Amino acid sequence: MAAQAGGGGEGEARGGKEHKDCILEPLSLPENPGGISAVEGSPSVTCLFCEECSPVSEQNQLLKHMIIEHKLVIADIKLVADFKRYMQYWKKRFAEQPTTDFCPVIKTNSEAPLEDQDSYFLLCDALPEDRELREKLQQQRLREILEQQQQERYDKDFHGICMFCDKEYTGNRSILLNHMAKDHAFNIGLPDNIVNCKEFLDLLQKKLDSLQCLYCEKIFRDKNTLKDHMRKKQHRRINAKNREYDRFYIINYLEFGKSWEEVQSEDDRELLSNQEEDWSDWEEHPVCAVCLFCEKQTDTTEKLYVHMEEAHGFDLLKIKSEHGLNYYQQVKVVNFIRREIHQCQCYICQEKFPSKKDLVNHMEETKHITSLSARSMWDQPQYYFPTYENDTLLCTLSDSEDELSSEKPKEDIPVISEDVSNIEALKQSSVLNQLLREVMNNEGPGS
């Protein structure tokens, strides 16, 4: 079960004992250059055990605090519909009863001496009370969202300005949305599928005012350049993979713990189950591999290898060949490097840096980036598991043993020609007869 902990744990535990850097959640590589900005005026949430507070929009900081200071991990936090109410409920319950009444205890370093062992508490929906709370919060959120949508559908006092021609529209929100779809080919979906429409349009307008493309989310130097880019590249649309927009679509609130993609994929499977398989229109999606040392993405691993060698001096294929790495060893090496870089630590000298950029500069200057650390550092079972759960590079690694064996030069095998003009003489003097006699002599009688 994956514990969503918000960035792993650096810091010191209570009592002054130092902790090694650890990653207590599945990480994800960037899928789009734009980030999710904090919502202004976001209400704050208090820690379950102390008075530490964080805005709801920065809940990962609070989760990290509870892991480091209180040894509590909340599983699958993304499935909690209302984080603030969830935290308020469990803060009250933990004040009434001991934590162990609700949470199983997970021991780490169980084979180490007692003073080096740690115990963590896991709060998850395996507890019926937690599961019931999560479902109740989801139903309550759905009711609130449906009421909000119903109000917006029949609201006649809506006022908005087109993002592309600056015309003002009053009345129902559908008038403005239909205008942008028809006159500007900008379609964010059917009005009845959208909730909190005013907030949605304000967010999109803010991005355009910041000279940011709504689809690729690149920043441009002026408004005219941005308009030309969006028109020529057909980027007058939003990026469906940007989770920042999920809260504005009703479909994301319908089923507990499911995004619109999961709901839609289930509908597609039901539709296809009654049809014959037809692969004629199938297209292979391009690979999107991310560099080990920076945010560079390429559509093929070959381009990624070239980039890492030219930009950073890191030759993965050379290291694989020199160390004779098979597929599983390559997986360990990639996951080991990913983890060290994520923790801003040089995997050769173990020196730590305040940022990834400083780390990469150090490794390039000292040539540490061209080497691989001692086998004992990376050849460990923990590196069978991906540091980033969507690491495409792992899926494209090849078994070096097969490649190395195929690259070995084949030995010249002598071919001895035999004269077939005299069949009887050939039978008596054939090389095959000589080989047969040698084999029989070697085997000996009775074998």
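A search of the whole structure finds 21 salt bridges, a salt bridge being a side-chain nitrogen of Lys or Arg within 4 Å of a carboxyl oxygen of Asp or Glu. The structure is a predicted model, in which local features need pLDDT of at least 70, side-chain atom pairs count only at pLDDT 80 or more, and totals for chains, interfaces and linings use all residues. Residues are numbered from 1 along each chain as its sequence is written, and side-chain values use heavy atoms, with hydrogens and water left out.

**Stop 1: Glu144 and Arg85**

Select Glu144 and Arg85. They form a salt bridge, with the closest N and O atoms 3.2 Å apart. The pair links distant parts of the chain: Glu144 is in helix α3 (residues 128–153) and Arg85 in helix α2 (residues 83–96), 59 residues apart. Helices (H or I, at least four residues) and strands (E, at least two) are DSSP runs, numbered from the N terminus. Glu144 is partly exposed, at 31% relative accessible area, and Arg85 is partly exposed too, at 32%. Here buried means under 20% relative accessible area, exposed means over 50%, and partly exposed is in between (1.4 Å probe, protein chains only).

**Stop 2: Arg93 and Glu96**

Stay on helix α2 and select Arg93 and Glu96, which both lie in it. How many residues apart are Arg93 and Glu96? They are 3 residues apart, about one turn of the helix. Their side chains meet in a salt bridge of 2.8 Å, N to O. Side chains of opposite charge can pair when their charged atoms come close. Arg93 counts as buried at 16% relative accessibility, whereas Glu96 counts as partly exposed at 48%.

**Stop 3: Lys332 and Asp379**

Now select Lys332 and Asp379. The closest N and O atoms of this salt bridge are 2.6 Å apart. This pair also links distant parts of the chain: Lys332 is in helix α10 (residues 327–342), and Asp379 is in the loop between α12 (375–378) and α13 (392–395), 47 residues away. Is Lys332 buried or exposed? Lys332 counts as buried, with 8% relative accessibility, while Asp379 is partly exposed at 28%. For a group of linked bridges, select Asp82, Arg85, Arg141 and Glu144, which are joined into one network by salt bridges that share partners.

**Stop 4: a surface patch**

Return to helix α10 and select Tyr328, which lies in it. Tyr328 is exposed, with a relative accessible area of 52%. Its C-alpha is 9.6 Å from that of Asp379, although the two residues are 51 apart in sequence. Add Tyr384 and Phe385 to the selection: with Tyr328 they form a nonpolar patch on the surface, with about 390 Å² of accessible area together. Patches are made of residues with over 30% relative accessible area and no salt bridge, where like charges are joined within 9 Å and nonpolar side chains (Val, Leu, Ile, Met, Phe, Trp, Tyr) within 5 Å. Accessible areas come from the Shrake-Rupley method with a 1.4 Å probe, and for residues only the protein chains shown count as cover. Phe385 sits in the loop between α12 and α13 and is exposed, at 58%.

**Stop 5: the largest cavity**

There are 2 cavities of 30 Å³ or more. On a 1 Å grid over the protein atoms alone, a cavity is a set of points where a 1.4 Å probe fits but cannot get out, and lining residues have an atom within 4 Å of a point. The largest cavity holds about 110 Å³ of space; a volume is the space filled by probe spheres set on the points, which are joined across faces, edges and corners. Select its lining: Met163, Phe164, Gln205, Leu208, Asp209, Lys223, Leu226, Lys227, Met230 and Arg236. The elements that give two or more residues to this lining are α5 (197–209) and α6 (223–232). Which element gives the most to the lining of the largest cavity? It is α6, with 4 residues. The lining divides into 5 nonpolar, 1 polar and 4 charged residues. Ala, Val, Leu, Ile, Met, Phe, Trp, Tyr, Cys and Pro count as nonpolar, Asp, Glu, Lys and Arg as charged, and the others, Gly among them, as polar.

**Stop 6: two backbone angles**

Most residues other than glycine have a negative phi. Select Lys71, in the loop between α1 (59–70) and β3 (72–74). Phi of Lys71 is positive, near 60 degrees, and Lys71 is buried at 12%. Then select Asp76, in the loop between β3 and α2. Phi of Asp76 is also positive, near 50 degrees, and Asp76 counts as buried at 17%.

Note on methods
On a 1 Å grid over the protein atoms alone, a cavity is a set of points where a 1.4 Å probe fits but cannot get out, and a pocket is an open set with protein on both sides within 12 Å along at least five of seven lines; lining residues have an atom within 4 Å of a point.
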